[in-house]
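Open the model in your viewer and keep a selection tool at hand. The stops below say what to select and what is found there.

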Amino acid sequence: MINCLSSRHEGDILKVWYRGRAACLKIGQKNHKSTRIEAKVLAYLEGIGGAPKIYALSTHRPAIIMEYLNGVSLQQFYVNASPELRKNIESLVRYKLGQIHFVGYVHCNITASNVIVSHQDGEYDVHILDYGRARPYKEEFADKDVHDVDRMFQGLEWLTRFTKS
Ligand SMILES: Nc1ncnc2c1ncn2[C@@H]1O[C@H](COP(=O)(O)OP(=O)(O)OP(=O)(O)O)[C@@H](O)[C@H]1O
Ligand SMILES: [Mg+2]
């Protein structure tokens, strides 16, 4: 069974089965630089920041098979969460982003659709996705990531108030 997770100009993102487990197949266009960058960064991170682990890479047609992360987008999660839970999730996102910076990368594309919130055995966790624009660490890029996180949570707070009023 194959489920389409996202249909993009660059190529589809599909939920597939790979070696007996659920996986995510992200297909890029020929010569799609961001797919190559993403593969390199995922291989380096090995799950740091909650990044999906990379399982396989095709170079013929740029494509990545990676860990399938079970959860909901940050936006979907946020509007239905209690204020206390929202604060916990926000701290987790900041912590995971800090881990990515610490090991030497900046994400450069922090948005609510690039964060997945998972819930397993009563524990919440967050996963930062989509490393096609990531770059080696530089302080000014890291500051921009942090600024983007601030703006993302301000936006989510406004959205929550708007949808609940
Ligand atoms: N490893 C994964 N596990 C589960 N879902 C994923 C995974 N990777 C991507 N997705 C889903 O596909 C969506 C798009 O993925 P991603 O952000 O990597 O690509 P994108 O180029 O930004 O595409 P889009 O423009 O649709 O956001 C994510 O928001 C998420 O819902
Ligand atoms: Mg994305």
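Select Ile89 and show its surroundings. Beyond the four places on either side in sequence, Ile89 is in contact with Leu74, Phe77, Val117, Tyr124 and Val126. Bear in mind at this and every later stop that the model is predicted.

Widen the selection from Ile89 to the largest nonpolar core, which has 31 residues. Which of the 31 touch the most other members? They are Leu74, Ile89, Val93, Tyr131, Met152, Phe153 and Leu156. Colouring by element helps here: α1 (33–45), β5 (63–67), α2 (74–80), α3 (83–102), β8 (115–120), β9 (123–128) and α4 (139–164) each give two or more residues to this core. The most comes from α3, with 5 residues. Now colour by domain instead, and the core is seen to draw at least three residues from each of domain 1 (3–67) and domain 2 (72–164). Apart from this core lies another, of 8 residues; Val16, Tyr18, Ala23 and Ile27 are among them.

Keep the domain colouring for the next stop. The protein is divided into domain 1 (3–67) and domain 2 (72–164). Their C-alpha centres lie 20 Å apart. How many residues does the contact take from each domain? It takes 14 residues from domain 1 and 13 residues from domain 2.

Next, go to strand β8 and select Ser118, which lies in it. Is Ser118 buried or exposed? Its relative accessible area is 12%, so Ser118 counts as buried, the cut-off being under 20%. Display side chains, and a polar contact of 3.1 Å can be drawn between those of Ser118 and His127. His127 is also one of the residues that Ser118 touches; leaving out residues up to four places away in sequence, the others are Asn70, Gly71, Glu123, Tyr124 and Asp125.

Now select the magnesium ion (ligand 2). Which residues coordinate the magnesium ion? Asn114, through OD1, and Asp130, through OD, do so at 2.1 to 2.2 Å. The pair links distant parts of the chain, 16 residues apart: Asn114 is in the loop between β7 (105–106) and β8, while Asp130 is in the loop between β9 and β10 (135–136). With a relative accessible area of 6%, Asn114 is buried, whereas Asp130 is partly exposed, at 22%.

Stay with the loop between β7 and β8 and select Cys108, which lies there. The phi of Cys108 is near 70°, a positive value in a residue other than glycine.

For another positive phi, move to Arg19, where the angle is near 45°, again in a residue other than glycine. Arg19 is found in the loop between β2 (13–18) and β3 (21–27). Turn on the surface: Arg19 is exposed, with a relative accessible area of 71%.

End with the cysteines. How many disulfides does a search of the whole structure find? The search finds 0. Select Cys24, which is in no disulfide, and look for the nearest cysteine sulfur: it belongs to Cys4 and is 9.9 Å away. A disulfide would need the two sulfur atoms within 2.5 Å. Cys24 counts as buried, at 10% relative accessibility.

Key:
Residues numbered from 1 in each chain as written. Chains lettered and ligands numbered in written order. Predicted model: local features only at pLDDT ≥ 70, side-chain atom pairs only at ≥ 80, totals over all residues. Heavy atoms only, no water. Core = buried A, V, L, I, M, F, W, Y, C linked by side-chain atoms within 4.5 Å. Buried < 20%, exposed > 50% of the residue type's maximum accessible area, 1.4 Å probe, protein only. Helix = DSSP H or I, 4+ residues; strand = E, 2+ residues; numbered from the N terminus. Domains from an automatic or database assignment. Contact = heavy atoms within 4.5 Å. Polar contact = N/O pair within 3.5 Å; in protein donor to acceptor, adjacent residues only side chain to side chain. Donors = N, O, S within 2.8 Å, 3.2 Å for Na, K, Ca; no water.
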